[in-house]
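Take a moment to look over the chain before reading on. We will walk through its strands together, one sheet at a time.

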Amino acid sequence: MKWEKLKKIFDPSEHKLYEDYIGYAQSPQVLIFEDFVRIYFSIRKQSNNGKFISHIQYIEMDKKFTQILNVSNHEVIPIGELGCYDEHGIFPINVLKYEDKIYAYLSGWSRRVSVSVETGIGLAMSYDNGKTFKRLGNGPVLTSSLSEPYLVVDGFVKNYDGIFHMWYIYGTDWTQIDKSSEPERTYKIGHAISEDGINWKKELKQIISDSIEYECQALPTVIKIKNRYHMYFAYRGTFDFRNNSNNAYKIGYAYSDDLITWIRDDQKVGIELSKEGWDSQMMSYPHVFECDDNIYMLYNGNTFGKDGFGLARLKTYE
């Protein structure tokens, strides 16, 4: 897999996205239409107590990704109600067309006291062609359980041969370097299947091997090319990842021929940090998709998407 970086296609600082908007355009994910592409992402607002809250917005672009046609200026989906799993933000949102419906899998965040956050994955539907979404209910469709007690989030869903597959991340622990430090979370990629996209059965195991000690794996995205399934994801170190570029997010790669066994091979990822510029210290939150016979990857760069997102195109496949 060899990718050609095209350019940064969206800089949030150039647009008025939302009232009280303070930056970021994280985890871009697409919905393809006949004559344009809609790209959903998470922005940040600041609450009264100074904490970040993530909201969903989108832009629409031509299918050559050269021109922004529209920028949303409305509430795509409201934040969850008091005490719910998504009370303090939605990041990311994964949107899926299936038959005559548009599903949105919401990664909801809620703050806690002893650790910073708890998460879950919910489901919403659109009745206006993806401009807005309404929840099926106030609870998640996938959440923590006996074997996965922490942080179920980052759901990415595809339907293959009538079965819904969700790749998601689950927390394995919270760890403190010392008693004075804030607890940091570690998480891995898991897999679940469903017949209806609502009721899920977890595989209950880590499906992607680690490549570094204390590794966090995030935001898997899967595409089928010929007879092989390809997964891209972000990975980083558990500790000192905010200020140390060596431990910051990079993009990893794995492949499977049966959706059961995945072989990790980061040497074949085909895309690397730039030598300078907006994606020279970090690459994160990849999203791979097909559009008009081309395969593309959207991704965030430095500072977890504060400066927007870029686009790469698959140049060669062997």
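Two strands pair if DSSP finds at least two bridges between them. The strands themselves are DSSP runs of E with at least two residues, numbered from the N terminus. This is a predicted model, in which local features need pLDDT of at least 70 and side-chain atom pairs count only at pLDDT 80 or more, while totals for chains, interfaces and linings use all residues. Residues are numbered from 1 along each chain as its sequence is written, and side-chain values use heavy atoms, with hydrogens and water left out.

Let us begin with the part of the chain that starts at strand β2. Here 4 strands make an open sheet, in the order β2-β3-β4-β5, with antiparallel pairing. Which strands lie at its edges? They are β2 (21-32) and β5 (68-71), each of which pairs on one side only. On average, neighbouring strands of this sheet are turned by 30° against each other, direction ignored; the axes behind this angle are lines fitted to C-alpha atoms, and angles run from 0 to 180 degrees between N-to-C directions. Within the sheet, 7 bridges link β2 to strand β3 (residues 37-46) in the antiparallel sense. To see the pairing for yourself, find Val30, which stands opposite Ile39 in β3.

What holds such neighbours together? Strands of a sheet pair through backbone hydrogen bonds, either parallel or antiparallel.

Moving along, another open sheet has 4 strands in the order β6-β7-β8-β9, and its pairing is antiparallel too. Its edge strands, β6 (90-98) and β9 (134-135), each pair on one side only. Inside this sheet, strand β7 (residues 101-111) pairs with strand β8 (residues 117-125) over 9 bridges, running antiparallel. Here Ser110 stands opposite Glu118 in β8.

Next come strands β10 (residues 150-160) and β11 (residues 163-175), which run antiparallel and are joined by 7 bridges. They form a hairpin with 2 residues between them, and Asp161 in the turn has a positive phi of about 55°. Tyr150 faces Gly171 in β11 as its opposite number. β11 also pairs with strand β12 (residues 184-194), over 11 antiparallel bridges. There, Tyr170 has Lys188 in β12 as its bridge partner.

Finally, turn to the cysteines. Cys84 counts as buried because its relative accessibility is 14%, where buried means under 20% relative accessible area (1.4 Å probe, protein chains only). Cys216 is buried as well, because its relative accessibility is 0%. How many disulfides are there? With a disulfide taken as a pair of cysteine sulfur atoms within 2.5 Å, the count is 0.

Conventions
Buried < 20%, exposed > 50% of the residue type's maximum accessible area, 1.4 Å probe, protein only.
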